[in-house]
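Visitor: I would enjoy a close look at one part of this protein. Could you pick a residue pair in the sheet and walk me outward from there?

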Amino acid sequence: MSRKKKHEHVNHERWLVSYADFITLLFAFFVVLFASSQANKAKQAELSAAMQSAFTPMGVFEAHSKTPPLTDRRGAPVNTTPAALPLPLPSVRTETAEETEAHLNKLLAEQVAAGHIPPGSVTMRITTEGLVISLHEAGFFPSGSAEVRAASIPMLSSLATALPSGPLRIEGHTDNVPIHTAQFATNWELSTARSTAIARLLLEHGPIDPANLSAAGYAEFHPVASNRTAAGRAQNRRVDIILLRRPAASR
């Protein structure tokens with residue numbers, strides 16, 4: 001007696017298993033992609049923060065801010081006043097010794113015309129040291145005295161205001177005739193007293209910086225003429241105002 005074969009039941013829904021496996025793998029694939037993209041974003045964020053910190057000047061201004069903050073990170077007020085830029089100084093032209101001499105000659109002519117000083121009582125010359133203005137005794141001092149004549153004070157006042165700024169040296173000079181009075185024992189004392197008297201008047205009547213002024217007495221040892229004649233001795237009895245040349249600027 002033959003046995004009958006049993007018919008196996010065919011499952012028509014097995015494709016769901018493969019589909020589920022495919023969906024699972026696809027999900028895992030997108031999870032990996034998502035995780036990779038998030039890691040790249042984190043690195044990009046770190047790189048962006050580092051670049052922003054490097055190019056921001058000490059955090060004074062906020063990132064992407066067009067105006068500065070009113071307070072810093074600690075809450076203290078920030079000074080937003082723009083810094084003042086120094087203006088270029090205008091170049092000042094220094095008057096030459098020849099120009100100063102011409103200018104003072106006009107002043108002296110006016111003083112002589114006004115009768116404040118006699119003609120020839122002031123002479124000028126240019127030396128290697130600078131312009132020398134010689135005030136001769138006849139127009140400014142009585143013989144053997146260091147008291148300035150009152151009539152010459154207006155001239156000295158005008159001279160003080162007309163002198164250019166810069167270093168000045170006042171030198172007193174005498175002739176070789178010895179002097180011995182109750183006030184002055186030698187020509188050294190007389191020449192020094194006359195130079196300081198002129199220096200004092202210039203300081204009183206003009207805008208002269210005392211730091212630029214010096215006074216000295218040379219007695220009869222720096223003559224400009226011969227002491228053998230009366231005219232020569234008159235030329236030697238003088239007070240010289242020397243407008244010293246400024247030293248050349250070092251390069």
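Guide: Happily! Let us begin with Ile-133, which stands opposite Ile-241 in strand 5. Please keep in mind that this is a predicted model, so I will come back to its confidence at the end.

Ile-241 itself lies in strand 5. Is Ile-241 buried or exposed? Its relative accessibility is 0%, so Ile-241 counts as buried, the cut-off being under 20%. Once neighbours within four places in sequence are set aside, Ile-241 is in contact with Leu-131, Val-132, Ile-133 and Leu-135, and also with Leu-159, Arg-169, Ile-170, Ile-198 and Leu-202. The sequence distance being bridged here is easy to see with Ser-134: Ile-241 and Ser-134 are 107 residues apart along the chain, while their C-alpha atoms are 6.3 Å apart in space.

Now for the strands around this pair. Strand 2 and strand 5 run antiparallel to each other and are paired over 7 bridges. Strand 2 is also antiparallel to strand 1, with 5 bridges joining the two. One of the pairings on that side sets Arg-125 against Val-132 in strand 2. Strands 1 and 2 form a hairpin, with 3 residues between them. How many residues of strand 2 are buried? The count is 7 of the 7, so strand 2 is largely enclosed by the rest of the structure.

His-136 is a good example from strand 2. At 4% relative accessibility, His-136 counts as buried. Beyond four places in sequence, His-136 touches Gly-120, Ser-121, Val-122 and Thr-123, together with Ala-234, Gln-235, Arg-237 and Arg-238.

That last contact takes us back to strand 5, where Arg-238 is found. Arg-238 is buried too, with a relative accessible area of 4%. Its side chain and that of Asp-240 are joined by a polar contact of 3.0 Å. Leaving out residues up to four places away in sequence, the contacts of Arg-238 include Ser-134, Leu-135, His-136 and Glu-137, then Glu-171, Gly-172 and His-173, and also His-222, Pro-223 and Val-224.

Let us return to the two isoleucines and see what they belong to. The largest nonpolar core has 30 residues, and those with the most contacts inside it are Ile-133, Leu-163, Ile-198 and Ile-241. Two or more residues each come from helix 2 (97-113), strand 1 (122-126), strand 2 (130-136), helix 4 (153-162), strand 3 (168-173), helix 5 (187-205) and strand 5 (238-244). Which element gives the largest share of this core? That is helix 5, with 5 residues.

Helix 5 therefore deserves a stop of its own, as the element with the largest share of a core built from buried nonpolar residues. It has 19 residues and spans 27 Å from first C-alpha to last, close to the 27 Å expected at 1.5 Å a residue. Its buried residues are Asn-187, Leu-190, Ser-191, Arg-194, Ser-195, Ala-197, Ile-198, Ala-199, Leu-201 and Leu-202. What covers these residues includes strand 2, helix 3 (137-140), helix 4, strand 3, strand 4 (213-217) and strand 5. For Ile-198, the contacts beyond four places in sequence are Leu-135, Phe-141, Val-148, Leu-156, Ile-170, Val-239 and Ile-241, and that list brings us back to our starting pair through Ile-241.

Stepping back to the whole chain, there are 6 helices and 5 strands, arranged along the sequence as α-α-β-β-α-α-β-α-β-α-β. Buried residues make up 27% of the 251 residues. Of the contacts with a separation of 6 or more, 63% are between residues 24 or more positions apart.

Finally, the confidence I promised. The chain averages a pLDDT of 80, with 69% of the residues scoring at least 70. Confidence is highest in strand 3, at 97, and lowest in helix 1 (residues 15-55), at a mean of 69. Over residues 59-63, pLDDT stays under 50, and the model has 6 contacts beyond four places in sequence for that stretch. Where pLDDT is low, the predicted coordinates should not be read in detail.

Conventions:
Residues numbered from 1 in each chain as written. Heavy atoms only, no water. Core = buried A, V, L, I, M, F, W, Y, C linked by side-chain atoms within 4.5 Å. Buried < 20%, exposed > 50% of the residue type's maximum accessible area, 1.4 Å probe, protein only. Helix = DSSP H or I, 4+ residues; strand = E, 2+ residues; numbered from the N terminus. Contact = heavy atoms within 4.5 Å. Expected span 1.5 Å × (residues − 1). Polar contact = N/O pair within 3.5 Å; in protein donor to acceptor, adjacent residues only side chain to side chain. Pairing = 2+ DSSP bridges. pLDDT = per-residue confidence, 0-100.
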